[in-house]
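Work through these exercises with the sequence and the 3D view side by side. Try each task before reading its solution.

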Amino acid sequence: MAKPKYRQIADDFRARIVSGDLEVGAWLPTEARLQEQYGVSRNTVRDATALLVNEGLIERLPGRTGGMRVREKVTLIFHAHRAEMPSPWAETDAWRSEVKQQGYEAAQEFRLTIEVLPPDLARRLQVESESAAALRRCVRYVNGEPSSVQDTYYPMDLVEAVPELLSPRDIPQGTTRLLSERGYPQVAYYDEYAARMPTPEEATLLRLQPGTPVLHYIRTGYTADRPIRVSITPFAGDRNRIVSTHGDADIIARFRPEEAHE
């Protein structure tokens, strides 16, 4: 059974983009030109280009021209198994070091607020429902494009013991190292993953095209005595890949040298 025409058109351009025939920044023909070239309606052309937009391969520029061009596709690999763990090659906070090690530029924007914990987060932190918590929001950018939004909640008794957590700015060594230095080393993590559609706020912060999902990641960090923080991170689904390795890291590094930084 033949593919619908819009999928055939999308397949043609996808192949040209992946092969490098159409390079980053190259302009696609106008909608009128594509209609003529493929002998299809305007709606068929729009359905085809919508597929490519949702896959992150092209971008539609605003304005009367409505031009479309090949988009730079940067995919950050998030190593879940080593995220935030002590590492000899990490010079700054763990996320920034991860981005740098993959050859990209990292930037972060911070915001600090005091919030009332919803019941599900209070249960994770084992505190009374509607307790107050410090919320550190970090919008993270890779090569200038928003990649993820991390909201981390810290119970107020911990904040009183480590007041630096109230800083609305970047903590150079990262909060995980800061807490360890102050006597709160996190020795265990519980991670949860789900794919879902973004909230309107997330779609705006991450500049997501319509139909693009997020990878919803929740990490609860524990000392030997208690849970001390919950981090909630929606990753832009078209710009991130999560990997996890298990077993003998030396064997994996032998066949995948890029995984040698363990």
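The exercises below concern a predicted model.

**Exercise 1. The sheet**

Task: Find in what order the strands of the open sheet lie, and which are the edge strands.

Solution:
- Step 1. Lay out the sheet. Its 6 strands follow the order β4-β5-β6-β9-β8-β7, with antiparallel pairing.
- Step 2. Look for strands that pair on one side only. These are the edge strands, β4 (106-116) and β7 (188-196).
- Step 3. Check the twist. Neighbouring strands of the sheet are turned against each other by 15 degrees on average, direction ignored.
- Step 4. Add the helix. α4 (residues 94-101) packs on the sheet and touches β4 and β5 (132-142). The direction of α4 makes about 155 degrees with that of β4.

**Exercise 2. Walking across the strand pairs**

Task: Go from β4 towards β8 and state how many bridges join β4 to β5, β5 to β6, β6 to β9 and β8 to β9.

Solution:
- Step 1. β4 and β5 run antiparallel and are joined by 11 bridges. Here R111 stands opposite R137 in β5.
- Step 2. β5 and β6 (residues 145-155) are also antiparallel, with 10 bridges. Y141 has P146 of β6 as its bridge partner.
- Step 3. Inspect the hairpin of β5 and β6. It has 2 residues between the strands, and N143 takes a positive phi near 55 degrees.
- Step 4. β6 and β9 pair in the antiparallel sense over 4 bridges. S148 stands opposite F235 in β9.
- Step 5. β8 (residues 214-222) and β9 (residues 227-236) pair over 9 bridges, again antiparallel. They form a hairpin with 4 residues between them. On β8, Y217 faces T233 of β9, and R219 stands opposite S231 of β9.

**Exercise 3. Burial**

Task: Decide how many residues of β5 and of β9 are buried, and which residues of α4 are buried.

Solution:
- Step 1. Apply the cut-off: buried means under 20% relative accessible area.
- Step 2. Count in β5. 10 of its 11 residues are buried, so the strand is largely enclosed by the rest of the structure.
- Step 3. Count in β9. Here 10 of 10 residues are buried, and the strand is mostly covered.
- Step 4. Turn to α4. W95, S97, E98 and V99 are its buried residues. They pack against β3, β4 and β5.
- Step 5. Look just past the end of α4. G103 takes a positive phi of about 90 degrees there.

**Exercise 4. Aromatic pairs**

Task: Classify the ring pair of F78 and F235 and the ring pair of Y193 and Y217, then place each ring as buried or exposed.

Solution:
- Step 1. Recall the description. A pair of aromatic rings is described by the distance of the centres and the angle of the planes.
- Step 2. Search the whole structure. There are 4 aromatic pairs.
- Step 3. Take F78 and F235. The ring centres are 5.0 Å apart and the planes stand at 50 degrees, so this pair is tilted. F78 lies in β3 (residues 76-79) and F235 in β9, so the pair ties together parts 157 residues apart in sequence.
- Step 4. Check burial of this pair. F78 has a relative accessible area of 11% and is buried. F235 is buried too, at 3%.
- Step 5. Take Y193 and Y217. Their centres are 4.9 Å apart with 15 degrees between the planes, and the pair is stacked. Y193 belongs to β7 and Y217 to β8, so parts 24 residues apart in sequence are tied together.
- Step 6. Check burial again. Y193 is partly exposed, with a relative accessible area of 41%. Y217 is buried, at 5%.
- Step 7. Join the pairs. F78, Y193, Y217 and F235 form one aromatic cluster.
- Step 8. Add a charge over a ring. R219 lies over the face of Y189, at 4.1 Å from the ring centre.

**Exercise 5. A helix pair**

Task: Describe how α2 and α3 pack, and name the residues that make the contact.

Solution:
- Step 1. Read the geometry. α2 (residues 31-38) and α3 (residues 42-54) pack at an angle of about 105 degrees, and their axes are 9 Å apart.
- Step 2. Classify the angle. Values from 65 to 115 degrees count as roughly perpendicular, so α2 is roughly perpendicular to α3.
- Step 3. List the contact. α2 contributes E31, L34 and Q35. α3 contributes R42, V45, R46 and T49.

Note on methods:
Residues are numbered from 1 along each chain as its sequence is written. This is a predicted model: local features need pLDDT of at least 70, side-chain atom pairs count only at pLDDT 80 or more; totals for chains, interfaces and linings use all residues. Side-chain values use heavy atoms; hydrogens and water are left out. Two strands pair if DSSP finds at least two bridges between them. Axes are lines fitted to C-alpha atoms, for helices over the stretch in contact, and angles run from 0 to 180 degrees between N-to-C directions. Contact means heavy atoms within 4.5 Å. Rings of Phe, Tyr and Trp (its six-membered ring) pair if their centres lie within 6.5 Å; planes under 30 degrees apart count as stacked, over 60 as edge-to-face and the rest as tilted. Buried means under 20% relative accessible area, exposed over 50%, partly exposed in between (1.4 Å probe, protein chains only). A charge sits over a ring if NZ of Lys or CZ of Arg is within 6 Å of the ring centre and within 35 degrees of the ring normal. Angles under 35 degrees count as roughly parallel, over 145 as roughly antiparallel, 65 to 115 as roughly perpendicular and the rest as oblique.
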